[in-house]
Structure formats: C-alpha cells, structure tokens
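Hello,

Here is the structure I promised to pass on to you. Please open it alongside this note, and then read on at your own pace.

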Amino acid sequence: MTPRLELRGIYKSYPGVIANDNISLSVLPGEIHAVLGENGAGKSTLMKIIYGASPADQGEIVCDGEVLGEHGPAVSRQLGIEMVYQHFALFESITVAENIALSIPEKFDLDELSIKVRRVSEKYGLPIDPSRLVMSLSVGERQRVEIVRCLLRNPKLLILDEPTSVLTPQAVRILFKTLRKLSDEGCSILYISHKLDEVRELCHSATVLRGGRVTGKADPKQTTSIELARMMVGNELPAMTITPTEKTLAPLLRLDSLSYDPKDIVGTALKNINLEVFGGEIVGIAGISGNGQKELGSLVSGEQLANKNSEIMIDGESVGKLSAGVRRKRGFGFVPEERLGRGAVPTHTLSENTILTAHDKGMVQRGILKRDKAQEFAKNIISRFSVKANGPKALAQSLSGGNLQKFIMGREIELSPKVLLVSQPTWGVDVGAANYIWQTLIDLSRLGKAVLIISEELDELFEICDRLYVIADGELSHSLNRTETSVEEVGLLMTGVKNSERLKYAL
Amino acid sequence: MRYKIESRSEPSRRMAIAAPLVATGATLIISTVFFLSLGLDPFLTLYTFFIHPLTSMNGVSEWLLKASPLILIACGLAVGFRANVWNIGAEGQLIIGAISAAGIGLFSPWQDSIFLLPMMIIAGMLGGALWAAIPAFLKDRMNTNEILVTLMLTYVAGLLLSYLVHGPWRDPDGFNFPQTSLLPYAGTFELFDYSYRLNTSIFFTIVAVVLTWIFMERSLFGYKMSVGGVSPAASKYAGFSASASIWVGLLISGATAGLAGMTELAGPLGQLSSQISPGYGFAAIIVAFIGRLHAFGIVLGGLLLSLLYLGGETVQLILGLPSSIALIFQGMLLFFLLASNFFINFRIRKIGQRVS
C-alpha cells in the first residue's frame, strides 16, 4: 500500500537550536500514528512543516506517492491535510457557523452550512450548536468546532497537536471514539502527544522524538509505558521522596469569599472562592484552562487588586488591596506560568532579572543599584538550583524553558517566602527538570511553608499535592485529600457537575 | 539559493559598534553619487559640509551652542522613551519653559539681583514640567494617548507664545516686531568670550548627561522604568508602579525641555520672540534614537545633528547649495542608522535549496 504520508530527512533549525534533525516517518491510510516526545522535542515544528505553515530547511515530504514542493497551508488543505492546533484560531465574537464559513474558499450559504455542521458533528459524536457565539463556548467545545471544521472537508490526513491537554478525562473518551471512527473510514491521523497512556490506548504505531531526532519507532500496544518513556526521556528518573507533613495551626494563605468580575469579556468571573493553605502542605488547584485560573493567579499575586482587603490574607494579615511588591515584602512568592516577559525580562541578563523581585536583598543603596550583589545572588541561584546557563550574564531568553523555570523558582525561594504560588510549574519543562522542580516544592513545604500550585496537568497534581481543589467556571470545589479522591472524581468536578447544562455538552 | 531573516539569540556586540560606522559609510557613498549627479565635486562638498564648520573657533562655538539644547532635551526624552512613555511634545514644553522664564526675567521686581537667573531656571523647568503634567495626569487617570496629547499641546503652546509676543508682552519700543524687550543683564548667561555666542548654560547639559546616565543605568527607579518599557507584564508582576513611570517620564522630559527653552532665551536670544526654537524639541527625538536612548550615545547624536544643521548653512553660504541638503543628509543618515541597527538583533542567513 502507498503510504498516505512519508517524510524523508526533514531538517529545520532555528537560531541556536536544531528543531528537527533528519526526521523520517511514514503513515499508512487509516493509520493513527503517534508522534511522541517531551515538550521541546520538535513535534510541533514537524507538524507545521507537514502542514506547510513553516518550510523545512532540507528534506522532502511525499503525499500519496507524490513529492510536495514548497507548499503553504492552502495547498495542504487541497490535498486533504487538515490540522487542529493546540491553540485555537477562532474569532470569539462571531458564531460557530460563521467561523467555519471563514475557512471555506468557495461561495457558501450560511443556513445550508449550519445544517451540514450539525449533521457532521452529530455523525462523529461531537454535538455542537452552529448558531452559538464562540465566546460562550468552553475550551472543549471550541476544540470540537476546530475538528468539525476539518471534518467538513473530508480530510485524508488529520493532524492533532496535543488535543487532550484542554479536555476532561470524560471528554477525552468521546474524542477517541471519533478518531477511531475516522480511522475506520480510511482517514490517517497524526496524533501528537506526550501522554503515554493515551498513545498506548489509541494509536497503531508511534514515532518517538527526543531533542529533534527520531529515537525510536514502536507499536505502542506491544510496548510498555516504561520503554516508551525511556525512548522519550533517555534515562531513568529518580524517584521522589515525599515525607509526612506537619501542618501549621493557622493557615498562611486564606481566601475568604474572593469574588471578581473581569474587565474584558473574555475573562472568567470568580465566584465566592474560599481556600486555605497551611504551612507544611502543598495544595493544588486543578481545572481545564480558562476556568478562572489566570484571574485567580493575578488576584492572589496582587497584579490585580481584590475588591476588599479582607478577601485575601497572608499569615493572618489582610492584603487584598496591597500591590504585588508589598505582598512580596509580607512573605509572598509567585512563579507565574509565563516565564519570559512576566517572570523574567527576556532581554535582561539573569543577574538583572534578580533585581526584579529581590532588590530588597541588599542590592540597592540610597536608590543606586549594587550590581555586584545582584550578580552574586544570581550566581548563588544558578549553583544551588543547578540551572544550566552561561553564568549570571546570560540573557534570560537564552535559557531553555526548564532552566529558566528553575531560575525563577530559585529566585522566589531565595526570598524565603511564607507562601509560594506556582502556576503551571512544569509547562514546557523536560522530565528531568520537572522532577527537580517537584522535589524542590515538596522540600519547601516540608520546611513549614505553604505551597499553592495551579496546574492543568492532573498527573502532576496527584504526584505532589497533599490536598486538591478543582476550579470550574470560576467556582472552587470543596477540598479533596489526595489519598481519598480519584482522577474520576476530580475529572467530574472539572466539568462543573453542579451545572447540568454544561455537563451535557462536556460528556 | 534562498535567504532568510532570523533573530539572533543574543544581540551582536560587534554589530552594535559597527552600525554607526556602516551608516556613516553608506551615507558618504550615496551622497557622493548624489553630488556627482548634480555636477558637484563630492570631496569639496563633503569637506564644506562636515569639516569646514569646525575649522574656526566661531564654528565650534555655534556647533556646541546648537548641540547643547538638543542633548539636554534628548536626555529627558530618553528617560521616558525607555519606559514606553512617548513625549512627542518637547517643543511645546520648551516654549512654555521659555515663556515662564521670560515672565520672571522681565516682570519680577528683582531685576538686578544675582538670584534672578536661578529663579528663571527654576521657572523654566517648572513651566516645562507643568505643561508635561497635563498629559501625565490625563494618561494616568483616563488612559489617554500621551503621543496625541503632548503633540496637540505643542500647538497650544505655540499659539500662547504668539499671543504674548504680539499682544500684552510686546516691547513698546520694538517697532511693532513680535518680540519682548531684552532681558536684564542679571537674567542672561555669562559668555565664555565676547566674540562668540557659546555661554555657561552648557554646564547644565553636562550635568544633565551625567545625571541621566546615573538615573538610567545605575538607579533602581531607572531600572524599574526600563522594565516597564520592555516587559509591562514583568513590571506588573514585580509590583512596580506604572503610574509612577508615566509621571516621572513626562515630568523629567518636560523639565529638561523647559530648561532648554530657558537657556535659549537667556543665552543666544536674550528676549522672547515668536521664533524661540528652530524645532529643537522635535529634532531631540531623533537625537534620542540616534543615541539609542543612552546618555553618552545622545551626546554623540546631538553633536552629529548639530553639525548637520551647521553644515547645511555652510554649504548654503559658501557653495550656494539649497539648505534642504541638510535635511536630505539627516534623512539618509537616520535611514541607514535604523537599517543597520536592525542587524544588531537580526541576521540574514543563507539556507540550502530544498531537494525537489
């Protein structure tokens, strides 16, 4: 059988990094082919090359036996290659049908299109109302729109980039059913993921990438997770040590009926959030992205001020109306999810980036900076937290995601906070660094500090947290003990079970 | 063979030094072609433009005299520009500074006091700062665009000046010329030498350059402002005050522009007239960018732009060329400077042909 898609020796480099190095793979018609790899292994780059969104430096792409020359997304789509990006490209202020109409080159009739959308979406078990505004859709529903948009064109090859990262466990089941049906109809699927269980469950074959190269090809059903992980990561991981905890008597961080109305229409309103974090424990907040995590993070950090001073308390003091700088002085540390541009200034050196939050640590005398002190501070962080960097004079943007995360986390920990909030601690971080970061957080909490983690990765939360909350549509669930809850219970709470209308769409 | 532009992982130090040289070289080459096509001797013209003005003491004095207000204003502007506070209305603040200083100099009762000049200096700086406080207040409270407000206030300042020198402040013995009477002797700067116009106000510029350097490169507040400029989210995360940046950026640039207006008034002009500045407030924006918003770079930029002004006048006088030649030079030099600055952060790379 002629392969639907064949890649031969694809090579692509960006400044300072080779994203794809001599990558070859082939996908048969109807095959669900996994491209496995850590964040930064080069998966997304490869998919963009196939789809034509970015050209390869070298190598060739063969589709149904024909070599593709330079091609853009428009050519790909004519050939029947469709792609669902990790970050959706939908206009918020118009309806589902209008969004889909925008991607159709031919003339169209909106009513007819709506009927078609409804039919296709029901056929594949992805119910979606074409007349709804995208603004009002949940993240999972938006993904359905993207998929239905592709399916309307009867694709021969569908590329999905980390499709489950925004879904509840229940919604993942539905997606898999759809994908299997498509595969039975002869559509090939390239499934990009770093989640081993999913790949083993769904895919017929897998190509594993590490550092831009192919490190293995496997039949995921015949290969154990451990073997796949080894191909992905390259070495075995040290186990983490979680010691029993001794909690402080009073909570170090307390949110008391915290409510917030977003200023722009795309934000999520927070409703009456109550939360306590004691010293000595790690508490996690689970949830699908876009359910209020961003707003919660900036309210607790002080980047956004609360309505009432008493809504946020750090170590018994009300701080809701104090600025981020003052809260830091009261013992609050924060590691945001965007490292470049928020947690660190990309074009500044590491040494200059310590001044950002640590300028109180003897780096300023009568308003004048003492740069040698900043340099010492940075050097200390680099060695204590084993940050791989070209010394304190390296630019923040020259570090890899994991190393910059270690640096920012190190900087905040060196400020000896009583409460540390970490948002998405291991986003875009390789497994080795992730383990290190987790262990650091555990150790910090066992020193009697309160650690709060906001994460979309359930595995991560179950790995290190003592207690969990779930945020859904701006509301926080009751507290769950990690040892007494399950992925299923958390998954159900993530869909906001209280709200039956939403549940219908989510399941 | 295909080429692509890509960003460098780190800004190139070599390119940072080479950029002004490359720009100067390209300007010289293109202008040589330009002069040849006009049938002029390129060497003589370039010599007259760039070297001749500096061969006499008077030329040097004029060179520094013109560079001084440009550098002074650009220093203030750079402080704001680094924090993304775009004061485009230094010209207006300069005018208000000159008006305020003239008000004290002409109408205060201390006409012979040694404190008259210091009081005029304070009045000039306060006037400029107050004029800049209007856009600062509007931006801080109502999030107005300071580019528009500062620019529009420049026209308001110009009209106010015009009203004063045509109306209530006009010199009764001045044959109806739109100008005030001359400032008293105590209200003018001392000249270095009575043959030349250069005066002691240049010391203010020197002090301003040093203070700007300390503020921007060494102080915590300057650091905070520059973070707000390059990464507003990081500035918010760190808890730095955005409104403090707006106020400081506008007040400092307003004060330096006001001071520049005052030094023009109490220096070469000696009286307030409807033509107080040949556009120093706008040219200083160019100076700030030629100097890459760095205090010492601004000194070089100010000297360069001042020389371009002077050279334009010289070729007009000696060779009879139109003065718009100076504008062409300015434009060309700026164009090449900005183009070569691009290569500090970007590079062009050759990539192999794709096999097909």
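Below is what I found, going from the two chains to their sheets, their helix pairs and the contact between them.

One thing to keep in mind from the start: this is a predicted model.

**The two chains**

Chain A holds 17 helices and 23 strands. Its C-alpha trace spans about 70 × 50 × 45 Å along the principal axes of chain A. The radius of gyration of chain A is 24 Å, which agrees with the value near 23 Å that a compact globule of 507 residues would have.

Chain B has 13 helices and 2 strands. For chain B the radius of gyration is 22 Å, close to the 21 Å given by the globule rule for 356 residues, so chain B is as compact as a globular protein of that length. Along the principal axes of chain B, the C-alpha trace covers about 85 × 60 × 30 Å.

**Two sheets in chain A**

A short reminder before you look at them: the strands of a sheet pair through backbone hydrogen bonds, in either a parallel or an antiparallel way.

Let's take the sheet of 6 strands to begin with. This sheet is open, its pairing is mixed, and its order in chain A is β6-β7-β8-β3-β9-β10. At the edges stand β6 (81–84) and β10 (213–218) of chain A; each has a single partner strand, so one side of each is left without a neighbour in the sheet. Direction ignored, neighbouring strands of this sheet are turned by 20° against each other on average.

Within this sheet, strand β3 (residues 32–37) and strand β8 (residues 188–193) of chain A are joined by 5 bridges in the parallel sense. If you want a pair to click on, H33(A) has L190(A) in β8(A) as its bridge partner. Helix α1 (residues 43–51) of chain A packs on the sheet, where it touches β3, β6, β7 (157–161), β8 and β9 (205–210) of chain A. The direction of this helix makes about 150° with that of β7(A).

The other sheet to look at has 4 strands of chain A, is open too, and follows the order β12-β11-β14-β15 with antiparallel pairing. Its edge strands are β12 (270–278) and β15 (317–318) of chain A, each pairing on one side only. Strand β11 (residues 251–260) of chain A runs antiparallel to β12(A), and 6 bridges join the two. Here R254(A) stands opposite E276(A) in β12(A). Helix α9 (residues 293–301) of chain A lies across β11, β12 and β14 (312–314) of chain A, and runs at about 125° to β11(A).

**Helix pairs in chain B**

Three pairs are worth a look.

- α1 and α2: the axes of helix α1 (residues 13–37) and helix α2 (residues 42–51) of chain B come within 9 Å and cross at roughly 120°. That angle makes α1(B) oblique to α2(B), and the crossing is right-handed. On the α1(B) side the contact involves L28(B), S31(B), T32(B), F35(B) and L36(B), which meet P42(B), T45(B) and L46(B) in α2(B). By class, this contact has 5 nonpolar, 3 polar and no charged residues.

- α4 and α5: helix α4 (residues 90–107) and helix α5 (residues 116–142) of chain B have axes that come within 7 Å and cross at roughly 145°. Here too, α4(B) passes α5(B) in a right-handed crossing. The residues in contact include G97(B), A101(B) and I104(B) of α4(B), and M120(B), G124(B) and W131(B) of α5(B). The classes come to 14 nonpolar, 9 polar and no charged residues.

- α7 and α12: helix α7 (residues 202–218) and helix α12 (residues 295–318) of chain B pack at an angle of about 145°, their axes 8 Å apart. V209(B), T212(B), W213(B) and M216(B) of α7(B) make the contact with A295(B), F296(B) and V299(B) of α12(B). This contact divides into 6 nonpolar, 1 polar and no charged residues.

**Where the chains meet**

How many residues does each chain bring to the contact? Chain A gives 34 residues and chain B gives 25 residues. On the side of chain A that touches chain B, β4 (58–63), α10 (324–329), α11 (350–358) and β18 (368–369) of chain A each supply at least two residues. The largest share, 4 residues, comes from α10(A). By class, this side of chain A has 14 nonpolar, 13 polar and 7 charged residues.

Enjoy exploring, and best wishes!

Definitions and conventions:
Residues numbered from 1 in each chain as written. Chains lettered and ligands numbered in written order. Predicted model: local features only at pLDDT ≥ 70, side-chain atom pairs only at ≥ 80, totals over all residues. Axes fitted to C-alpha atoms, helices over the stretch in contact; angles between N-to-C directions. Parallel < 35°, antiparallel > 145°, perpendicular 65-115°, else oblique. Left-handed = near helix turned anticlockwise from the far one by under 90°. Contact = placed C-beta atoms within 7 Å. Nonpolar A, V, L, I, M, F, W, Y, C, P; charged D, E, K, R; others polar. Pairing = 2+ DSSP bridges. Rg over C-alpha atoms; globule rule 2.2 N^0.38 Å.
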